[in-house]
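Please open the model in a viewer and keep the selection tool at hand. The stops below are meant to be taken in order.

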Amino acid sequence: MPDSTNTTARDSGPTGRIGATAARHGRLVMWVWAVLITTSAVLLPLQLGRLSIPSTAMGDSPALRAAELITQGFPRLGSEQMMLAFDSPTWQGTDPAYQKAVSSTARAIVGRAGVGTVLPVPTVTGQNPRHVYVSIGVTGDESTRQRRLPHLQDVAYRTARETSGGRVSVAVVGLTPVLAELIHADVKDLRFVEIVTVPTAVLLLAFGLGSLGAAVVPLVVAVSTVLVSTGALMAMSLVTQVDTTMLTLASSVGLGLGLDYALLILLRYRQARSRGRTPLEATARATATAGTTVSWCALVVVTTSAALLIIPARNVRMLALGAMIATGITLCAALTLLPALLPRLDPWLDRGRLRRRGGSPGKLEAEGTTGPPAFPGAGAKAATDGWWTRWTLHLMRRPWPYLISALTVLVLAATPVLGIRLGLHYDRTALAHTTTGQGLLRMEHDRLASVTVLALPHPPGAPPVDTTALSAALHTDPRVALASALDNGKDLTVLAVGERNAPDSAASTSLLNDIHRLAPRLLPAGQRVLIAGPTAALADLKSAAVTGLWQVIGIVLASSFVLLLVVFRSVLIPLKAIAMNVLAVGAAFGVLTLVSEMSGGTPAGGGTAAGGVAGAGVAGGGVNVLIPLLAFALVFGLSMDYEVFLVHRIAEHYHRSGDNARAVAHGLQHTARTITLAAAVMVVTFAGLLTTHRQDFQQMGLTVAAAIAIDVTVIRIVLVPSLMRLLGHRNWWLPHGLTRLLPAPRRTGAHAFPDAEAASPLVSPRTPSQANRASRTGAFTEEQG
């Protein structure tokens, strides 16, 4: 390796040293990644069967405590009450042959592992005469119930069919069967999303980079990231529960960030090669410059995702963990696999050139590499420069109109969020063609949609709790199909309430609230009441999500401020970045709210209800209550990527020239096309989720894609440069007290990269005061941007 490359690696910071080492030992690095990819590819099909249902478990929630109490007091009632929903196209429910099929099916499953009490459900008013229902208590935790479910379903289906000559069918309905059905749909959807997204992203990269050869490099990194991330999750499934929602989110994050990070480093690599550096030198330089930016970006995404860990819902925490794992693996690939590939694929980068107007293929940053014309008097010169140069100069001359216009657009876009309706509902669109989904619809049409159980503990040996008054009140309620009390003869009375409405409906939520209100008045004074069932579980999850949202927002904002304060050694830049990202997220949620209202709950316009991250979603024009949690953390992290990339370039030029206006123009001109291409790739990646059947995936895809599109078109290209232009040197203000508290900036510069201080029409010699100001605000030179 040439001496200059060794010097570059030694002086370019940790990312540069990692990249240079990976480039020198490229074969070893590629072998390691090949082993990881192969292992993941082998592990994936073997472990798909171990994927768990999306969990609704939520720490020490009231519904969970009630379920545990009922399981202890009535072991045979089980920890979940499922329903055998029978149907016959020819027989009435009272026909002897029909009754024989029902009783034979009930007897067949009574002795099965995990099955407790089997009880016939009385016929309710309005029930279809061809439908019969039997309630079964299923024991075990979530994973145990899921593992036993296929055998239970097989026994029920086969027995009903054989004893009736095919005239009676049955569906096993309950929270576990509903969520289990989503696994199969999710795996198919994930494959379809990748088939649609990857080719689209490659075409976009090919046109943006100017050649098919260059487009393949980010694709290799991204696909490797997705495979290894998936393999890591499959390995996790050996020791803990991993569901398809976690797998889908990790794959989307890995694909999007993999393309994004590889693109940023590839562009710096090509820029270095265009300046005459060898492939190894260019690799070290690219990982030292763009690699530093990528590392900070990954840290921001990991930090914002980690904020979700405070939510007590296990499913949300696992989603956060999946995003963090995918981001970490993506960063490793960008700093090791990509540097190993670049010198070896260098001859192929310009293969398959595509003709582009206004510039040579493959040199995205070539336009204006010597800097935009001298500001502000550059009217004649601007006519000969590229579009981004002309736009930059135009924006720098008229910051106020564009600032006000951009703010107006964002505020108007965010206005619909004031009417957002949050909820959690079963994803009926994904379930429509499944046996369980059809059984669920039969129950809902018959107005016997769910069972809520009240657990009423009493002292051992005391008589059963008097539920007469409460039962009478519930019997008169049109939302209630039946109410029946049972005591275990020791210490627990339960009141089973058959609900006419689905557990994810507003009517069921209203009934749950009324029970909480009526129980203290109609039960003996001081009686303790715990409520279990699907309605209560969904209500607890929604409450935790809404409460946790504000905590997550606070943590994300605070951590983002601290990270950017350390990176840029400025107070106003973090505050500005946070305000801009909040506007972008608000506008994206405004778009989601508007589209959901217009399409009846789904961005894609299909179905009657939107799904949720826990297998639940929102019906009737609502938004999944978990989407704001997940999207806010993820979008904030992704938006910070472009903030860091843009402001790094502005900062590096400002610290060389001391001229804020020229620095803003320089940074915008040199990053606008790169940011636009990177954001377009990210939009395509998350927009791919709109092709799935799960409504929560569609809502997540729409929110993230809209937020990134708004961020790159309105905020990064208009609002941020305008505001930084107007703030002037105040952008870089840092109180003296913080100067001493913050880590000292790393001193690197022209001695490491001679062209880092290359002259430009914007660069003027720094005065002593400018040099002192640069020392106080940080030392981000080009090798860190």
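Begin by selecting Glu281, which is buried because its relative accessibility is 10%, under the 20% cut-off. The model is a predicted one, and what follows should be read accordingly. Glu281 belongs to helix α10. To see what sequence alone does not show, add Ala20 to the selection: the C-alpha atoms of Glu281 and Ala20 are 7.9 Å apart, although 261 residues separate the two along the chain.

**Along helix α10**

Next, select Thr287, also a residue of helix α10, which spans residues 279-306. Is Thr287 buried or exposed? Thr287 has a relative accessible area of 1%, so it falls under the 20% limit for buried residues and counts as buried.

Now display the surroundings of Thr287. Which residues does Thr287 contact, leaving aside its neighbours within four places in sequence? The contacts are Thr15, Gly16, Gly19, Ala20, Ile265, Thr292 and Pro339. Ala20, already selected for its C-alpha separation from Glu281, is thus one of the residues in contact with Thr287. Add Gly13 as well: its C-alpha atom lies 9.5 Å from that of Thr287, with the two positions 274 residues apart along the chain.

Then turn to the polar atoms of the Thr287 side chain. A polar atom there lies 3.0 Å from the backbone oxygen of Thr283. The side chain of Thr287 also reaches the backbone oxygen of Ala284, at 3.1 Å.

**Strand β3**

Move to residues 131-138, strand β3. All eight of its residues are buried, so the strand is largely enclosed by the rest of the structure. Colour the two faces separately: His131, Tyr133, Ser135 and Gly137 are on one side, with Val132, Val134, Ile136 and Val138 on the other, and both faces are covered.

Show the neighbouring strands next. Strand β1 (residues 80-87) runs antiparallel to β3 and is joined to it by eight bridges. Strand β2 (residues 115-120) is likewise antiparallel to β3, with four bridges. Which residue of β3 is the bridge partner of Leu84? Select Val134, the partner of Leu84; Val134 is also the bridge partner of Pro120.

**A surface patch**

For the last stop, switch to a surface representation and select Leu28, Val32 and Leu36, which form a nonpolar surface patch of about 270 Å². Leu28 is located in helix α3 (residues 26-47). With a relative accessibility of 56%, Leu28 is classed as exposed, whereas Thr287 is buried.

Conventions. Residues are numbered from 1 along each chain as its sequence is written. This is a predicted model: local features need pLDDT of at least 70, side-chain atom pairs count only at pLDDT 80 or more; totals for chains, interfaces and linings use all residues. Side-chain values use heavy atoms; hydrogens and water are left out. Buried means under 20% relative accessible area, exposed over 50%, partly exposed in between (1.4 Å probe, protein chains only). Contact means heavy atoms within 4.5 Å. A polar contact is a pair of N or O atoms within 3.5 Å; within protein, one must be able to donate a hydrogen and the other to accept it, and residues adjacent in sequence count only if both atoms are side-chain atoms. Patches are made of residues with over 30% relative accessible area and no salt bridge: like charges are joined within 9 Å, nonpolar side chains (Val, Leu, Ile, Met, Phe, Trp, Tyr) within 5 Å. Accessible areas come from the Shrake-Rupley method with a 1.4 Å probe; for residues, only the protein chains shown count as cover. A salt bridge is a side-chain nitrogen of Lys or Arg within 4 Å of a carboxyl oxygen of Asp or Glu. Two strands pair if DSSP finds at least two bridges between them.
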